[in-house]
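This report looks at the pockets and the salt bridges of one protein model. The structure is shown first, and the description follows.

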Amino acid sequence: MKPKTIYLVLCFVGALLPYWQFVPWVFAHGMNLPLFVRELFVNRVSAFFGMDVLVSAVVLVAFIRIENTRLSIHRRWLPVLAVLLVGVSLALPLFLYMREARLEQLKRPEDSPMPV
């Protein structure tokens, strides 16, 4: 299986699994941000995971910026939006998919300049 296909499948998994837990919570509590943060940091174990995800999100945004400078990836704002709306679980495979597509595009001979 090609990496691009794997990343695309992981995008769906990365969006579905977090929302599978989040949507019922929203139905039960509404978009209560103070309660969400309180429950996220209710103990050291959950705080560990919360901090890990926050740091991972910052690292991912930095990675997106660095790779965009190197590869000029189109629509690089999509994974940043995915970080904000879902999280790293969607944004990372989405960015890797976009990066892989750009690398494939750069390898194509028709994109190369014609010799004179």
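How do the residues of the lining of the second largest pocket divide into nonpolar, polar and charged? In this predicted model, that lining is made up of six nonpolar, two polar and two charged residues. The residues in question are I73, H74, R75, L78, L94, Y97, M98, A101, R102 and Q105, and helix α5 gives the most to this lining, with six residues. The space in the second largest pocket comes to about 190 Å³.

The largest pocket, for its part, has a volume of about 830 Å³. Its lining consists of 22 residues, and F22, F36, V53, V86 and G87 are the ones that lie nearest the centre of the pocket. Five helices, namely α1 (3-29), α2 (33-40), α3 (44-71), α4 (77-85) and α5 (88-107), each supply at least two residues of the lining of this largest pocket, and the largest share, five residues, comes from α1. By type, the lining of the largest pocket holds 16 nonpolar residues, five polar ones and one charged residue.

**Salt bridges**

A search of the whole structure for salt bridges finds four, including the three pairs set out below.

| Pair | Closest N and O atoms |
|---|---|
| E104 and K2 | 3.6 Å |
| R70 and E67 | 2.7 Å |
| E67 and R99 | 2.6 Å |

The salt bridge between E104 and K2 links distant parts of the chain, since E104 belongs to helix α5 while K2 lies in the segment before α1, 102 residues apart. E104 itself is partly exposed, with a relative accessible area of 24%.

R70 and E67, which form a salt bridge with each other, both lie in helix α3, and because they are three residues apart there, about one helical turn separates them. The two partners differ in their surroundings: R70 counts as exposed, at 52% relative accessibility, whereas E67 is buried, with a relative accessible area of 6%. The side chain of E67 also meets that of R99 in a salt bridge, and this pair again joins distant parts of the chain, with E67 in helix α3 and R99 in helix α5, 32 residues apart. Elsewhere, salt bridges that share partners bring K2, K4 and E104 together into one network.

Methods: Residues numbered from 1 in each chain as written. Predicted model: local features only at pLDDT ≥ 70, side-chain atom pairs only at ≥ 80, totals over all residues. Heavy atoms only, no water. 1 Å grid on protein atoms, 1.4 Å probe; cavity = no way out; pocket = protein on both sides within 12 Å on 5 of 7 lines; lining within 4 Å. Points joined across faces, edges and corners; volume = space filled by probe spheres on them. Helix = DSSP H or I, 4+ residues; strand = E, 2+ residues; numbered from the N terminus. Nonpolar A, V, L, I, M, F, W, Y, C, P; charged D, E, K, R; others polar. Buried < 20%, exposed > 50% of the residue type's maximum accessible area, 1.4 Å probe, protein only.
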